[in-house]
Amino acid sequence: MSKRYIVSINQQEYEVLLLADNRVVVNGEELPYHVASRTHGELSLLLDGLSYEVHAADTSLDSQTNDVTFLLNGMEIRATVDDPSSLLLKTLLRTQHRSSGTRQLRAPMPGLVTKIEVQKGEVVQAGQGLIILEAMKMENEIRSPEPATIEEIHVNSGTAVEKGSLLITIRY
Amino acid sequence: MKKLRDIKRLLIANRGEIAIRVMRACREMGIQTVAVFSDVDRTALHVMLADEAYPLNGVTAAETYLDQSKILDIARSKKIDAIHPGYGFLSENASFAERVEHAGIMFVGPSSKAIRLMGGKTSARNLAQEIGVPTISGTIEPLSSVSEGIAKAKEIGFPVLLKAAAGGGGKGMRIVSSEEEFGSAFRMAQAEAKSAFGDDRVYLEKFVEHPRHIEIQIIGDHHGNVIHLGERECSIQRRHQKVIEESPSPFVDNELRERLGEAAVRLARKGGYTNAGTIEFLVDEKKQFYFLEMNTRLQVEHPVTETITGLDLVKLQLEVAMGRELPIRQADVRATGHAIECRIYAEDPANNFFPSTGRLQTYRIPQGPHVRVDNGFQTGDVIPIHYDPMLAKVITWGKSRGESIETMKRVLDEFVVSGIRTTIPFCMTILEHPAFVAGMCDTQFVEREFRPSALWQFSDNDRRAACVAAVLLKTELRQSVDLVNHNLPVSNWKKKRNETLRSS
C-alpha cells in the first residue's frame, strides 16, 4: 500500500508516493531509496544511488506542524509536508480570507533592546524599523513585516530579552 | 636592547579559536598555558585544551575578558611570565599593556607606547604624513558650511566623500564629483546624518574609487630588525568587516609589493614598533596606495601569511617577547603558492548577516590535503550572544590562486554545521562568482554583487531528494529513530599530559 504526500518547497509543490520495498515516486518518477540513521535527526539517504546527508533542525522533529527544516548536503531546505487529509483542511481554511487582525513580533535571538523607534498607535510601512536589538556587538533592526498600526509595545529601551520574547504587537 | 627572559607560563587573555591558536604555539615551545573563562565559557574548547584555567566570574565581555584587574590578579597570583592578548578584547588597549608592563609581566605585543602612537588613528596618520607615506586627505574637523566644504574639496580634488561624524553603516554618506553638486549633497548628508544618528555633523575625505583593502604583515624585534612578510588582500567584507582574505593579492605585482612593504617597514620603524603588526592600506585602480591604519596586534587572518611563508607568527611573537633576535632577515622571506581564508561566522547571510544563535547540533570540521582549520567550538556548544560570533577560520593552500580556491570550495562543502546558520554558503557563492575568480574585487564587492537568492543552487536531483527527505523526516522517522548512547570512554592521554606538565 502506498502513502501519498504533497511536499511544498519554495512555493513549488511535489507529489511523493512512498511505496513498499524501498521505492518512492516523485512527481511520477519511480526510484529506489534507502534510508539509515546514525543519530537522532540525522539521516543518510540513498536515492537512486545518489548519496545525501540530511540534518534536521532540532525543532522540526518535535513540532506538531507540517513544516520541516533541514540541511540536505549542506543546503538549507524548508518544506511543508501534507497528507491528503491535512491538505483538505488547509483548502477549507484558505477560503475564509483573513482581512485584519493582530500579529505578535518576537525577538529572533536573545539580546538587549537599545532603541524603540515607534510609538503606540503609530502607522508603519512594511519594512519600517521598529526596534533595535543588540546582540553579539551588533545592532539589528526588527522591521515591520507589513503595513500596520502599532497596537502595543511590550519592552522598553534597555530591556534584555530572550529568544522568542514578545516585543511588539501590530494590527494589520 | 632588551634583556633575554624566558617564558615558562603564559596566560591567554582571550577565548575561541585565537586562544587555542596561541596555546598550540606554546605547547610546541614547552610553555605552560593558562586560560581564563567567563561563566558561559566554562566548558569551551579553549578551557579544555589549556593546562590550567581560571574563572573570570561574569558573563558580559566588560565583566570578563575586558576586565583588566581580574586578568592581572590571576596573572599575579598564578605566577604568570607573559600575557598574550590575542585579537579583539584588550589586544590594542595601551593602558592594559602598560599595567602588564608595570606588573613585571611580559605583554606579547608591542610596547604600550607603540600601541598608543601607532594604534591611534590620528597620531599614526600624522606620523605617516611626516615620513611621506601617503594618507587619504580630508578634514579632521566637521564642516561648518557649504563654502568651507567646497574650498576643502577643491584643495583635495574631486571626487570627495561626505561622511557623518557620528556615522557608520553608510548612512549620511554622499559621493560628490563636482562643485555644482556639493551644496545639495551636503544638505542631504546632513539631513540623513541627523535622522540616523541625531547628529548632523559631516566631514569630508578624498573618495577612492573601487578601493582594495590590502595590508602588510610586519614583525620587528628588540634588536632593530623590522621585516615585512608580504601582503594580504581583504577586500571581501560585509558590514565593513573582512570575511575572505588571501595572499598574494591577485592585484599586487612585485613592484607594488616592494613599495607597500617599504612604506610599512619605514612606518613601523619610525613608530618604534616591535612584535607582530599589520599596516592597512587602501589601493586604488591605478595602484596608488593610502595608509589607513595600523593594527597593533596579531590579525585574525594571520594564517594566510603563515601558510605561504612557512613561518609561525605566534612563535615569532613569543621569541621577540623573550628578547631574542628575529631568526630571519628580509631576504630570507619566501612565499610559495597562494593561500585563502574564509571566516565562518554564526550569522545568517540570507538575512542581512543577522547573528544566528543556538546550539551546534552537528559540527563536522573538514579535513584533507592543504587544509588548516583554526576552530574554537565543538558539537553541542551553545554560541553565546555576548562575544564576537566567529566560530572558525578555514585556510587552504594551492600552487596557484585557482587551486587554493578549488580546494576551499571542496573544504567548505565538507564543513557541516547544523543548529545555527553560518557564512559557509555565503563564502561559497563568493568563491564561485566570476569576478572574484578573475581577481576583480574591491571593498564594495559584497554590497554590489551579493544576492541572498544566489545562496542555494538546487539541481533537479537535489529537489527530488529534498522531497523524499522531507517526507521521511516528517513521517517515518519521527518516532522510530533512537538516540545514540553518548557515554563514550575517555582516553587517559590528556591525564598523562597534565601529569607530565605538573611535575616539570
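I count two strands as paired if DSSP finds at least two bridges between them. The model I am working from is a predicted one.

**Strand pairing in chain A**

I looked up β16(A), residues 166-171, and began with its pairing to β9(A), residues 102-106. Five bridges join these strands, and they run antiparallel. For one end of the pairing I noted A:R106, whose bridge partner in β16(A) is A:L166.

I then checked β14(A), residues 148-153, against β16(A). This pair is also antiparallel, over four bridges. Here I noted A:I153, which has A:I168 of β16(A) as its bridge partner.

**Contact between the chains**

I next took the contact of chain B with chain A. On the chain B side I found 34 residues, and they touch 47 residues of chain A. Which elements of chain B give two or more residues to this side? I listed β16 (354-355), β22 (416-418) and α16 (460-480) of chain B. Of these, α16(B) gives the most, with 16 residues. Sorting the chain B side by class, I got 21 nonpolar, six polar and seven charged residues.

**Helix α7 of chain B**

I went through α7(B), residues 146-156, for burial and found B:G149, B:I150 and B:A153 buried. Why do they lie on the same side of α7(B)? They cover an arc of only 100 degrees around the axis, so they fall on the same side of the helix. On the face turned away from that buried side I noted B:S147, B:A151 and B:E155, which are exposed.

I also asked what the buried residues of α7(B) pack against. The list is β6 (160-164), β7 (174-176), α8 (179-197) and β8 (202-206), in chain B. Just after the helix I marked B:G157, which takes a positive phi of about 100 degrees.

**Nonpolar cores**

I looked up the largest nonpolar core, which has 75 residues. Those touching the most other members are B:L10, B:L11, B:A13, B:A82, B:I83 and B:F281.

I followed B:F281 further, leaving aside its neighbours within four places in sequence. B:F281 is in contact with B:I214, B:E215, B:L260, B:F289, B:Y290, B:F291 and B:L292. One of these contacts, B:E215, I entered as charged.

Apart from the largest core I found another, of 35 residues. I wrote down B:Y345, B:M390, B:A392 and B:V394 as being among its members. As background I added that nonpolar side chains tend to be buried together in soluble globular proteins.

How values were computed: Residues are numbered from 1 along each chain as its sequence is written. Chains are lettered from A and ligands numbered from 1 in the order in which they are written. This is a predicted model: local features need pLDDT of at least 70, side-chain atom pairs count only at pLDDT 80 or more; totals for chains, interfaces and linings use all residues. Two residues are in contact if their C-beta atoms, placed from the backbone, lie within 7 Å. A residue is buried if 20 or more other C-beta atoms lie within 10 Å of its own, exposed if 12 or fewer, and partly exposed in between; C-beta atoms are placed from the backbone. The arc is that of the directions from the helix axis to the C-beta atoms. A nonpolar core is a set of buried Ala, Val, Leu, Ile, Met, Phe, Trp, Tyr and Cys residues joined through C-beta atoms within 7 Å.
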